[in-house]
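Visitor: I've got a model open and I'd like to learn how to read it. Could you walk me through it, feature by feature?

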Amino acid sequence: MIPKIAADISIPEPVFGLISVIALLFGGLFIFLAFSRIRQKKPARAGGYTLLSLLSVSGAALVLLTALNINSYQRLSYETVIAELHFSRLGPQRYLADLRITGIDKHRQFELRGDEWQLDARVIKWQTPIALVGFNSLYRLERLQGRYRDIALEREAPRSVFALNN
């Protein structure tokens with residue numbers, strides 16, 4: 001069994017930008033070569049360079065969009081506490097939830113209806129090769145909602161759902 005390296009390795013955002021700039025430069029180079037081949041009356045090579053330029057620009061866009069998406073997540077190192085919820089009963093099936101997110105100094109309060117609660121999150125868990133290098137899992141809290149145990153109440157009673165990713 002290969003042990004995990006206990007290091008916090010992450011790809012800095014400038015690397016994504018650099019990769020995108022390099023891909024865009026190659027795209028520009030391929031477009032220049034395509035136009036020069038058109039002037040030399042070599043349409044087959046011009047088409048090849050045009051295809052390469054489209055692939056380069058598409059790759060740059062893909063890297064930038066991936067970087068923007070990953071940037072919206074927070075790091076989840078091993079089993080750490082990411083949020084604390086404290087509840088106060090306001091009435092029958094009504095609770096005041098106090099949410100404190102780890103790493104953020106503010107807390108938010110929500111009025112939840114129902115008997116239970118649910119905190120939804122999206123998690124990116126890297127597969128073995130990347131995890132062995134030391135990349136941590138990432139998470140983004142999505143929403144907090146109240147739930148009813150009784151299915152009929154769940155369908156008919158007022159619901160309480162709050163977005164947390166804004």
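Visitor: Let's start with the sheet. What is the order of the strands in the open sheet of three?

Guide: The general idea is that strands of a sheet pair through backbone hydrogen bonds, either parallel or antiparallel. Keep in mind that this is a predicted model. Here the order is β2-β3-β4, and the pairing is antiparallel.

Visitor: And which strands stand at the edges?

Guide: Those are β2 (83-91) and β4 (107-113). Each has a single partner strand, so one side of each is left without a neighbour in the sheet. From one strand to the next, the twist averages 25°.

Visitor: How many bridges join β2 and β3?

Guide: Eight bridges, in the antiparallel sense, with β3 covering residues 94-101. If you want one to look up, G91 has R94 in β3 as its bridge partner.

Visitor: Now the packing. Which residues make up the largest nonpolar core?

Guide: For a core, look for buried nonpolar residues joined through their side chains. This one has 10 residues: L85, A97, L99, I101, F110, L112, Y139, L141, L144 and L164. The elements giving two or more residues to this core are β3, β4 and β6 (137-147).

Visitor: Take A97 from that list. What is A97 in contact with, beyond its neighbours within four places in sequence?

Guide: A97 contacts L85, H86, F87, R108, Q109, F110, L112 and L144.

Visitor: What about D98, in strand β3: buried or exposed?

Guide: The cut-off for buried is under 20% relative accessible area. D98 has 12%, so D98 counts as buried. Skipping residues up to four places away in sequence, D98 touches E84, L85, H86, H107, R108 and Q109.

Visitor: Last topic, the aromatics. How many aromatic pairs are there?

Guide: For these, you compare ring centres and the angle between ring planes. The count comes to four aromatic pairs. One of them is F87 with W117, at 5.6 Å centre to centre and 35° between the planes, which makes the pair tilted.

Visitor: Why does that pair tie together parts that are 30 residues apart in sequence?

Guide: Because F87 lies in strand β2, while W117 lies in strand β5 (residues 116-124).

Visitor: How do F87 and W117 come out for exposure?

Guide: F87 counts as partly exposed, at 35% relative accessibility. W117 is partly exposed too, with a relative accessible area of 43%.

Visitor: Which residues form an aromatic cluster?

Guide: Try selecting F26, F30 and Y49, which form one cluster.

Definitions and conventions. Residues numbered from 1 in each chain as written. Predicted model: local features only at pLDDT ≥ 70, side-chain atom pairs only at ≥ 80, totals over all residues. Heavy atoms only, no water. Pairing = 2+ DSSP bridges. Helix = DSSP H or I, 4+ residues; strand = E, 2+ residues; numbered from the N terminus. Axes fitted to C-alpha atoms, helices over the stretch in contact; angles between N-to-C directions. Core = buried A, V, L, I, M, F, W, Y, C linked by side-chain atoms within 4.5 Å. Buried < 20%, exposed > 50% of the residue type's maximum accessible area, 1.4 Å probe, protein only. Contact = heavy atoms within 4.5 Å. Phe/Tyr/Trp six-rings, centres within 6.5 Å; stacked < 30°, edge-to-face > 60°.
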